[in-house]
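Colleague: Got a minute to walk me through this one? I'd like to start with the space inside.

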Amino acid sequence: MSEWNPSQGFAEQLRQSCIADWDACVQHRFVQEIFDGSLSDAVLRKYLVQDYQFINRFVALLGAAIASADVFAPRVTLSQFAAMITSDENTYFLRSFDMLGVPQEQRLAPELTVPTQAFQQLMHEAAQSLSYANCMAVLAVAEGLYLDWADQDAKKQMTMPERFEHSEWIVLHANDFFRSFVGWLRSELDRIAPMLDAQQKAEATSYFQRAVKLERQFFDHVYE
């Protein structure tokens, strides 16, 4: 584990505390292949079918963050993001399933893999904790890690892959709205950190680290 730097904000301290797993996700084989267009349909199909099963729990997690926020303004921002998740991103999944020939039963009730089940459980636990810090820690991983892999400077020089199943998944996680939202998530963690006692900080840190580890396992398992 990296040593914590008191001069860093809480969000960056959290990221640095599990930087090896974080960087492994950002530089993952899946990321390289979706950018260069070589990602196989079989891998993408497994990835999207399993990833789609997160939406229900993810929206519930957003709802818990809205409910547990200490002031009104964050509730507005989180509500706006929830609207995007249930519209633009959901539409991408449905179009991709059509293109990849995913049958209806696999879209709605596939057999869940171990990493999928574990991440669903983590989101459920964070929501049930009714702790704004815990909810935001998991959200900061789920969104911040995706921004970091999709918005890499080196990748911006590459020609966008031709197939929309590849290119739109990148663009959904590398645009001004998404950058702004992730920046806000990180600033919120920094804002609330002084209000947390040692136990609350430790709990939020545990949620963050577990989420990053599960993200890495999720990327890995689509190639198994």
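Colleague: What classes of residue make up the lining of the largest cavity?

Modeller: Keep in mind that this is a predicted model. The lining of the largest cavity has 10 nonpolar residues, one polar residue and four charged residues.

Colleague: And what is the volume of the largest cavity?

Modeller: About 240 Å³.

Colleague: Which residues are closest to its centre?

Modeller: The lining has 15 residues, and the closest to the centre of the largest cavity are Asp 51, Phe 54, Phe 58, Glu 89 and Glu 143.

Colleague: Which elements give two or more residues to that lining?

Modeller: Helix 5, helix 6, helix 8 and helix 9 do.

Colleague: How many cavities of 30 Å³ or more are there?

Modeller: The count comes to one.

Colleague: OK, on to helix 5. Which of its residues are buried?

Modeller: Ile 55, Phe 58, Leu 61, Leu 62, Ala 64, Ala 65 and Ser 68 are buried in helix 5. Phe 58 came up a moment ago, among the residues closest to the centre of the largest cavity.

Colleague: What covers the buried residues of helix 5?

Modeller: The cover includes helix 4, helix 6, helix 8 and helix 9.

Colleague: How far apart are the end C-alpha atoms of helix 5?

Modeller: They are 20 Å apart. Helix 5 has 14 residues, and at 1.5 Å a residue these should span 20 Å, so the two values agree.

Colleague: What about helix 4: what span should it have?

Modeller: Its 12 residues should span 16 Å at 1.5 Å a residue. The end C-alpha atoms of helix 4 are 16 Å apart, which agrees.

Colleague: Which residues of helix 4 are buried?

Modeller: Val 43, Leu 44, Tyr 47, Leu 48, Val 49, Gln 50, Asp 51 and Tyr 52. Asp 51 is also one of the residues closest to the centre of the largest cavity.

Colleague: Let's jump to helix 12. Which residues are buried there?

Modeller: Phe 178, Phe 181, Val 182, Trp 184, Leu 185, Glu 188, Leu 189 and Ile 192 are buried in helix 12. Seen down the axis of helix 12, the buried residues fall within an arc of 155°, so they line one face of the helix.

Colleague: Why would residues three or four places apart point the same way?

Modeller: Because an α-helix has 3.6 residues a turn.

Colleague: What is exposed on the other side of helix 12?

Modeller: Asp 176 and Ser 180 are exposed there.

Colleague: And what do the buried residues of helix 12 pack against?

Modeller: They pack against helix 1, helix 6 and helix 9.

Colleague: Pick a residue in helix 6 for me.

Modeller: Try Leu 78, which is in helix 6. At 0% relative accessibility, Leu 78 counts as buried.

Colleague: What does Leu 78 touch?

Modeller: Leaving out residues up to four places away in sequence, Leu 78 touches Leu 62, Ala 65, Ile 66, Tyr 132, Met 136, Leu 139, Phe 181 and Trp 184. Leu 62 and Ala 65 are among the buried residues of helix 5, and Phe 181 and Trp 184 are among those of helix 12.

Colleague: Ala 83 next. Where is it, and is it buried or partly exposed?

Modeller: Ala 83 is in helix 6 too. Its relative accessibility is 44%, so Ala 83 counts as partly exposed. The C-alpha atoms of Ala 83 and Val 59 are separated by 9.5 Å, and the two residues are 24 residues apart along the chain.

Colleague: New topic: backbone angles. What is the phi of Leu 130?

Modeller: Leu 130 has a positive phi of about 55°, although it is not a glycine. Most residues other than glycine have a negative phi.

Colleague: Where does Leu 130 lie?

Modeller: In the loop between helix 8 and helix 9. Leu 130 counts as exposed, because its relative accessibility is 61%.

Colleague: Last stop, helix 2. What does Cys 25 touch?

Modeller: Cys 25 is in helix 2, and at 0% relative accessibility it counts as buried. Not counting residues up to four places away in sequence, Cys 25 touches Val 31, Leu 145, Trp 149, Val 212, Glu 215, Arg 216 and Phe 219.

Colleague: How far is Cys 25 from Trp 149?

Modeller: Their C-alpha atoms are separated by 7.3 Å, with the two positions 124 residues apart along the chain.

Colleague: And Asp 21: which residues is it in contact with?

Modeller: Asp 21 is in helix 2 as well. Leaving aside neighbours within four places in sequence, Asp 21 is in contact with Val 212, Lys 213 and Arg 216. Asp 21 counts as buried, because its relative accessibility is 14%.

Note on methods
Residues are numbered from 1 along each chain as its sequence is written. This is a predicted model: local features need pLDDT of at least 70, side-chain atom pairs count only at pLDDT 80 or more; totals for chains, interfaces and linings use all residues. Side-chain values use heavy atoms; hydrogens and water are left out. On a 1 Å grid over the protein atoms alone, a cavity is a set of points where a 1.4 Å probe fits but cannot get out, and a pocket is an open set with protein on both sides within 12 Å along at least five of seven lines; lining residues have an atom within 4 Å of a point. Grid points are joined across faces, edges and corners, and a volume is the space filled by probe spheres set on the points. Helices (H or I, at least four residues) and strands (E, at least two) are DSSP runs, numbered from the N terminus. Ala, Val, Leu, Ile, Met, Phe, Trp, Tyr, Cys and Pro count as nonpolar, Asp, Glu, Lys and Arg as charged, and the others, Gly among them, as polar. Buried means under 20% relative accessible area, exposed over 50%, partly exposed in between (1.4 Å probe, protein chains only). The arc is that of the directions from the helix axis to the C-beta atoms. Contact means heavy atoms within 4.5 Å. The expected span of a helix is 1.5 Å times one less than its number of residues.
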